[in-house]
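This report describes selected packing and charge features of one protein chain. The sequence and structure come first, and the description follows.

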Amino acid sequence: MRVLGIETSCDETGVAVYDTERGLLAHALYSQVELHAEYGGVVPELASRDHVRKLLPLVRQTLAEAGLGVEDLDGVAYTAGPGLVGALMVGAAAGRALAWALDLPAVGVHHMEGHLLAPMLEDPGLKPPFVALLVSGGHTQLVEVAAIGAYRLLGETLDDAAGEAFDKTAKLMGLPYPGGPELARLAESGRPGLFKFSRPMTDRPGLDFSFSGLKTQVLLAWQASDQSPQTRADIARGFEDAVVETLAVKCERALKQTGARTLVVAGGVGANVRLRARLQALMAGPVGGPSGPKLFAKGFGPEGPPTGRVCFPRPAFCTDNGAMIAFAGALRLQAGQHEAPAVTVTPRWDMASLPPL
């Protein structure tokens, strides 16, 4: 099947064509960062209107790069939720209209399932079961994946998501929008250990997260400091270290709890260089050893298999993109799932409610 994927859940317009035999044929992405920078955050109505302007030209561009016409498509996939309702409606209406006009099956894709499956785009050997850490601007979740479509939520943030905490912390220190990537870049020149912030909720059992208190700690430290460029970098490094270590601690707990030996990391924060290095170190050590988690999977004793495995999508596929939607949609269309002709979206959508493949 050749499937057109459309992503318009927030402030990025993504389009891709995925072939179930040949893989990803083409993809394109338009970011609205400059549009929303003036306001310091995403303005939903402006986001929706910009999707209207950019979507069809991107569809034409992507099909041309893939060497295809609309008549060569076998299905259409679009993000149906979660996300901003107006933005979702743009992609859903375009996708459903195109599918209706061409008499093709169409499927609405769960945005976070798209992120979760993104590492499989370039790693066909990656198969469930595994634990997934989904870290983006709006979500921080640990999910046990028994099979594609069979998801169990292990833990999630009780307030700010990790990416949201990055953005808000950057804003309170005067960094330009979008703040998260700017803060990560600034942290590269920060000196480790000069500002040590708490690792929220790691001193108690459970797999939930909370980052709002960490954000407050950073604000107080920034207000009490000399606010020099080097101090700002040092605080950024302290904040990033706290987030990374918190995520790593929770991942290790989730792996121990489920007995999984594979960790999948996806979402915008999954592109963070320090987070990638920390989780690779976590999974690289011998099972039960000082640098590796004690993964007592079924059939293995404490000595266990030699290592665990962590999988990331390429950085371009960590942020919102059409490729992950085309891929996830292709899997569901191949399984015979498709939507009725009505245009419907689900701004709040529990991933555990998805049907298994």
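The text below covers the nonpolar cores, two valines, and the salt bridges of this predicted model.

**Nonpolar cores**

In soluble globular proteins, nonpolar side chains tend to be buried together. The largest nonpolar core here has 44 residues, and the members that touch the most others are Leu133, Leu142, Leu263 and Leu279. Two strands and several helices each give two or more residues to this core: strand 6 (130-135) and strand 9 (262-266), together with helix 5 (162-172), helix 6 (179-187), helix 7 (212-224), helix 8 (229-258) and helix 9 (273-284). Helix 8 supplies the largest share, twelve residues. Another core, of 34 residues, lies apart from this one and includes Met112, Leu134, Ile325 and Leu354.

The surroundings of Leu142 can be given in detail. With neighbours within four places in sequence left aside, Leu142 is in contact with Val131, Ala132 and Leu133, with Arg152, Leu153, Leu154 and Gly155, with Leu207 and Phe209, and with Lys250, Cys251 and Ala254.

**Two valines, in helix 2 and helix 3**

Val59 belongs to helix 2 (residues 44-66). Val59 counts as buried because its relative accessibility is 9%, and the limit for buried is under 20%. Beyond its neighbours within four places in sequence, Val59 is in contact with Leu4 and Val15. The C-alpha atoms of Val59 and Val17 are 9.2 Å apart in space, and the two residues are 42 apart in sequence.

Val85 is placed in helix 3 (residues 85-102). Its relative accessibility is 48%, so Val85 counts as partly exposed. Together with Met89 and Val343, Val85 makes a nonpolar surface patch of about 220 Å².

**Salt bridges**

How many salt bridges does a search of the whole structure find? The search finds 16. Three of them are listed here with their N to O distances.

| Residue pair | N to O distance |
|---|---|
| Asp50 and Arg53 | 2.9 Å |
| Glu113 and Arg332 | 2.9 Å |
| Arg314 and Glu122 | 2.4 Å |

The pair Asp50 and Arg53 lies within helix 2, with the two residues three apart, about one turn of the helix. Asp50 counts as buried because its relative accessibility is 4%.

The salt bridge between Glu113 and Arg332 links distant parts of the chain, 219 residues apart: Glu113 is in helix 4 (residues 111-117) and Arg332 is in helix 10 (residues 322-334). Are these two residues buried or exposed? Both Glu113 and Arg332 are buried.

Arg314 and Glu122 form a salt bridge whose closest N and O atoms are 2.4 Å apart. This pair also links distant parts of the chain, with the two positions 192 residues apart in sequence numbering. Arg314 lies in the loop between strand 10 (309-311) and helix 10, and Glu122 in the loop between helix 4 and strand 6. Arg314 has 35% relative accessibility and therefore counts as partly exposed. Glu122, at 44% relative accessibility, counts as partly exposed as well.

Salt bridges with shared partners also join Asp160, Glu164, Lys168 and Lys215 into one network.

Notes
Residues are numbered from 1 along each chain as its sequence is written. This is a predicted model: local features need pLDDT of at least 70, side-chain atom pairs count only at pLDDT 80 or more; totals for chains, interfaces and linings use all residues. Side-chain values use heavy atoms; hydrogens and water are left out. Patches are made of residues with over 30% relative accessible area and no salt bridge: like charges are joined within 9 Å, nonpolar side chains (Val, Leu, Ile, Met, Phe, Trp, Tyr) within 5 Å. Accessible areas come from the Shrake-Rupley method with a 1.4 Å probe; for residues, only the protein chains shown count as cover. A salt bridge is a side-chain nitrogen of Lys or Arg within 4 Å of a carboxyl oxygen of Asp or Glu. Helices (H or I, at least four residues) and strands (E, at least two) are DSSP runs, numbered from the N terminus. Buried means under 20% relative accessible area, exposed over 50%, partly exposed in between (1.4 Å probe, protein chains only). A nonpolar core is a set of buried Ala, Val, Leu, Ile, Met, Phe, Trp, Tyr and Cys residues joined through side-chain atoms within 4.5 Å. Contact means heavy atoms within 4.5 Å.
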